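Here is a brief report on one protein model and the ligand it holds. Keep the sequence and the 3D view open while reading.

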Amino acid sequence: MELNELIEREKLAVELAKKASMLMKETSGSLKTIAQKESHADLVTETDRNVEKLLFDELRKHYPSDRFIGEEESSKSELTDEPTWIIDPVDGTTNFVHTFPFCCISIGFAVKKEPCIGVIYNPFLDHLYTAIKGQGAKLVKGDGGEPQELRVRSCNSLRESLVMTEYGGSRDEKKRDAILKALQVIQPNCHGVRSMGSAALNICSIASGYVDIYYEFGIHIWDICAAIVVLQEAKGYVCDTQGGPVDLCARRLIAASSENLAKELSSLLPVHLELERD
Ligand code: LIP
């Protein structure tokens, strides 16, 4: 796909993210329906669904031949080589339900299964992350703020790193045991472990240079697609938890400021959960 076509799509995605974010701001703290999915801790609200509908409807008007994958769709489309929008309407839904301001709209776009546009907007902190493959990654803070070029910070070893991970919304015993086993190995070997509830914003925190590495078992393609572009354009690195190439549909990944750091963490992970693919 030509660069000008990507630039045009990214511009529309930014406009729509801002428009849809009004739905989040209007309903924050006064949600009418909070439904459960996989467990009592895996939540979805009417705002998730309304944001996704607004984004899909508007994007389809401009790009009717593009494909769409969204978290709240009842029947998920398969990822193919075709140009595909991959959207999490509210990443960090639990945070949104609790009015904890670490949640975002995440709009990714992939061609031939390669993420190439990322637009991530946290309306509560007014932070807009954007990236197009090969064109760099930017953060704009506040309306009319100056765009900041994003770059990861260097980190020599896991022992000197700040690590992000998540416990997720599943309450499946096997998954919980794997997560806690991994934590028992990682926690003693780093500066600290944080869990903020949004995969997309965790990965953007690495691109912003204040977190060094993130890993998770259980994420979905819509949680990570947009943020992978932001991180790669900020000179960061992503891979599978076993160290091979990242697989968007494998439900697991390591995102880091460098390949060395990612491989060091990968070599320490005691388990590699095989989850149902997206
Ligand atoms: C969330 C992810 C997070 C994961 C949560 C949840 P959602 O996405 O961003 O990494 O740990 O369980 O899946 O569901 O809020 O869009």
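## The loop between S5 and S6

Lys113 sits in the loop between S5 and S6. The model is predicted. Lys113 has a positive phi of about 65°, although it is not a glycine. Its relative accessibility is 40%, so Lys113 counts as partly exposed.

Lys112 belongs to the loop between strand S5 (104-111) and strand S6 (114-122). Lys112 is not a glycine either, yet its phi is positive, at about 50°. Is Lys112 buried or exposed? Lys112 is exposed, and its relative accessible area is 61%. The cut-off explains the two labels: exposed means over 50%, buried means under 20%, and partly exposed lies in between.

Gly108 is part of strand S5 itself. With 0% relative accessibility, Gly108 counts as buried. Along the chain, Gly108 and Gly144 are 36 residues apart. In space, 23 Å separates their C-alpha atoms.

## The ligand and its shell

Where does the ligand sit? The ligand occupies the largest pocket. Two elements give two or more residues to the shell around the ligand: strand S4 (84-91) and strand S12 (213-217). S4 provides the largest share of that shell, with 3 residues.

How many residues surround the ligand? There are 16. The closest are Asp88, Asp91, Gly92, Thr93 and Glu216. By type, the shell residues divide into 4 nonpolar, 6 polar and 6 charged.

## Backbone contacts to the ligand

Backbone atoms of several residues approach ligand oxygens. For Val90, a backbone N or O atom lies 3.1 Å from an oxygen atom of the ligand. For Gly169, a polar backbone atom is 3.0 Å from a ligand oxygen atom. For Ala199, the distance from a backbone N or O atom to an oxygen atom of the ligand is 2.8 Å. Taken alone, the ligand exposes 370 Å². The protein buries 88% of that area.

Gly169 also has a partner to look at on the protein side. His40 and Gly169 are 129 residues apart in sequence. Their C-alpha atoms are 8.0 Å apart in space. His40 is in the loop between strand S1 (34-36) and strand S2 (43-45). His40 is exposed, with a relative accessible area of 54%.

## Helix H5

Ala199 leads on to helix H5. Among the buried residues of H5 are Ala199, Ala200, Leu201 and Asn202. Ile203, Cys204, Ser205, Ile206 and Ala207 are buried in H5 as well. Why is H5 (residues 199-207) described as largely enclosed by the rest of the structure? The reason is that 9 of its 9 residues are buried. Ala199 thus appears twice in this report: it is buried in H5, and a backbone N or O atom of Ala199 lies 2.8 Å from a ligand oxygen atom.

Look just past the end of the helix. There, just after H5, Gly209 takes a positive phi of about 85°.

## Helices H1 and H6

Val14 lies in helix H1, which spans residues 3-27. The relative accessible area of Val14 is 19%, so Val14 is buried. The cut-off for that label is under 20%. Val14 and Leu55 are 41 residues apart in sequence. From C-alpha to C-alpha, Val14 and Leu55 are 11 Å apart.

Val230 is found in helix H6, which covers residues 221-233. Is Val230 buried or exposed? Val230 is buried, with a relative accessible area of 0%. In sequence, Val230 and Leu43 are 187 residues apart. In space, their C-alpha atoms are 26 Å apart.

Methods: Residues numbered from 1 in each chain as written. Predicted model: local features only at pLDDT ≥ 70, side-chain atom pairs only at ≥ 80, totals over all residues. Heavy atoms only, no water. Near = heavy atom within 4 Å. Polar contact = N/O pair within 3.5 Å; in protein donor to acceptor, adjacent residues only side chain to side chain. Areas by Shrake-Rupley, 256 points an atom, 1.4 Å probe, with all protein chains shown as cover. 1 Å grid on protein atoms, 1.4 Å probe; cavity = no way out; pocket = protein on both sides within 12 Å on 5 of 7 lines; lining within 4 Å. Sits in = over half its atoms within 2 Å of the grid points. Helix = DSSP H or I, 4+ residues; strand = E, 2+ residues; numbered from the N terminus. Nonpolar A, V, L, I, M, F, W, Y, C, P; charged D, E, K, R; others polar. Buried < 20%, exposed > 50% of the residue type's maximum accessible area, 1.4 Å probe, protein only.
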